[in-house]
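Take a look at the fold before reading on. We will go from the overall shape to the strands, then to the rings and the cores.

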Amino acid sequence: MSRPFILGLTGSIGMGKSTVAEMFAELGVPVFASDAAVRRMQGPGGSLLSAIEHAFPGTTGPSGVDRAELGRRVFDDRPALRRLEGIVHPAVAAEREAFLIEHAGQPLVVFDIPLLFETGAAERVDAVLVVSAPPEVQRARVLARPGMSPKRFAEILDLQVSDAEKRARADHVIDTGTSLAETRKAVAALVEKLTG
């Protein structure tokens, strides 16, 4: 059975990855968003709640995972973070496989994976697209988010592969520091290149 060409989409925080993922979807390219899958599985009645509650008692309730509380428990604790990833990553991988089966007839699909390089997922895609913007654009976007501080931004960047390294390891790079129209044009050109 033929399968679609899998484009892995990633980029550091504030680089415009979600916006670019939406642009692919608008062009009819199926997009699997890892973060959305995680939110669904950790939401009310989600499939991961009992495993997470068992590993981290008191972090779930009727409205799903208390993300702030769970975040506090794993943030500066590498073994705890690995324990959480051991619950979440296999579940996301299973969802991704189901998505691939569902869209088997498509020429192209996008796997939107924020931690594509950090989790080793880059080995499971046919090509990698990194979205990037100048550091000052990234910083302004991130610090405009509710509840974000310069300290928290620095901590998040610390956990991610650097933008420079991501760009170096990418097959394709789209600069989102330009206008939305320019970015949209770049996305359309890439779709054309990969499917045409």
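The radius of gyration is taken here over C-alpha atoms, and the globule rule is 2.2 Å times the number of residues to the power 0.38. Keep in mind that this is a predicted model. With 196 residues, the rule puts a compact globule near 16 Å; the protein chain has 17 Å, which agrees. Along its principal axes the C-alpha trace spans about 50 × 45 × 25 Å.

The protein chain holds nine helices and seven strands. Of its 196 residues, 42% count as buried. The accessible surface comes to about 10300 Å². Carbon and sulfur atoms make up 55% of that surface. How much of the contact count comes from residues 24 or more positions apart? Among contacts with a separation of 6 or more, such residues account for 70%.

Now follow the strands. Start with strand E5, residues 108-112. Five of its five residues are buried. Both of its faces are covered. Leu108, Val110 and Asp112 lie on one side, Val109 and Phe111 on the other. Strand E1, residues 5-10, runs parallel to E5, and five bridges join the two. Within that pairing, Ile6 has Val109 as its bridge partner. Strand E2, residues 31-33, is also parallel to E5, joined by three bridges. Here Val31 is matched with Val110 of E5.

E1 has another parallel partner in E6, with four bridges between them. Thr10 pairs with Val130 of E6. From E6 the pairing continues to strand E7, residues 172-175, again parallel and over four bridges. Val130 stands opposite Val173 there. Is E6 covered or open on its faces? Both faces are covered. Ala127, Leu129 and Val131 are buried on one side, and Val128, Val130 and Ser132 on the other. That is six of six residues buried.

Leu9 shows how these strands meet. Leu9 sits in E1. Its relative accessible area is 0%, so Leu9 is buried; the cut-off is under 20%. Set aside neighbours within four places in sequence, and Leu9 contacts Lys17, Val20, Ala21, Val110, Phe111, Asp112, Ile113, Leu129 and Val131. The C-alpha atoms of Leu9 and Pro114 are 7.6 Å apart, although 105 residues separate the two along the chain.

Next come the aromatic rings. A pair of aromatic rings is described by the distance of the centres and the angle of the planes. A search of the whole structure finds three aromatic pairs. In one of them, the ring centres of Phe32 and Phe99 are 5.5 Å apart and the planes meet at 55 degrees, so this pair is tilted. Phe32 lies in strand E2 and Phe99 in helix H5 (residues 78-102), so the pair ties together parts that are 67 residues apart in sequence. Both Phe32 and Phe99 are buried.

Phe32 also pairs with Phe111. Their ring centres are 6.1 Å apart and their planes are at 70 degrees. Why is this pair called edge-to-face? Planes over 60 degrees apart count as edge-to-face, so 70 degrees qualifies. This pair too links distant parts of the chain: Phe32 in E2 and Phe111 in E5 are 79 residues apart. Phe32 has a relative accessible area of 6% and counts as buried. Phe111 is buried as well, at 4%. Ring pairs thus link Phe32, Phe99 and Phe111 into a cluster.

Finally, the cores. In soluble globular proteins, nonpolar side chains tend to be buried together. The largest nonpolar core here has 32 residues. Ile52 and Phe111 have the most contacts inside it. The elements that give two or more residues to this core are helix H2 (34-42), helix H3 (49-55), helix H4 (67-74), H5, E5 and strand E6 (127-132). H5 gives the most, with eight residues.

Which residues does Ile52 contact, leaving aside neighbours within four places in sequence? They are Gln42, Thr59, Thr60, Val65, Leu70, Leu84 and Ile87. Apart from the largest core lies another, of 18 residues. Among them are Val20, Ala21, Met23 and Leu190.

Terms used
Residues numbered from 1 in each chain as written. Predicted model: local features only at pLDDT ≥ 70, side-chain atom pairs only at ≥ 80, totals over all residues. Heavy atoms only, no water. Phe/Tyr/Trp six-rings, centres within 6.5 Å; stacked < 30°, edge-to-face > 60°. Buried < 20%, exposed > 50% of the residue type's maximum accessible area, 1.4 Å probe, protein only. Core = buried A, V, L, I, M, F, W, Y, C linked by side-chain atoms within 4.5 Å. Contact = heavy atoms within 4.5 Å. Areas by Shrake-Rupley, 256 points an atom, 1.4 Å probe, with all protein chains shown as cover. Pairing = 2+ DSSP bridges.
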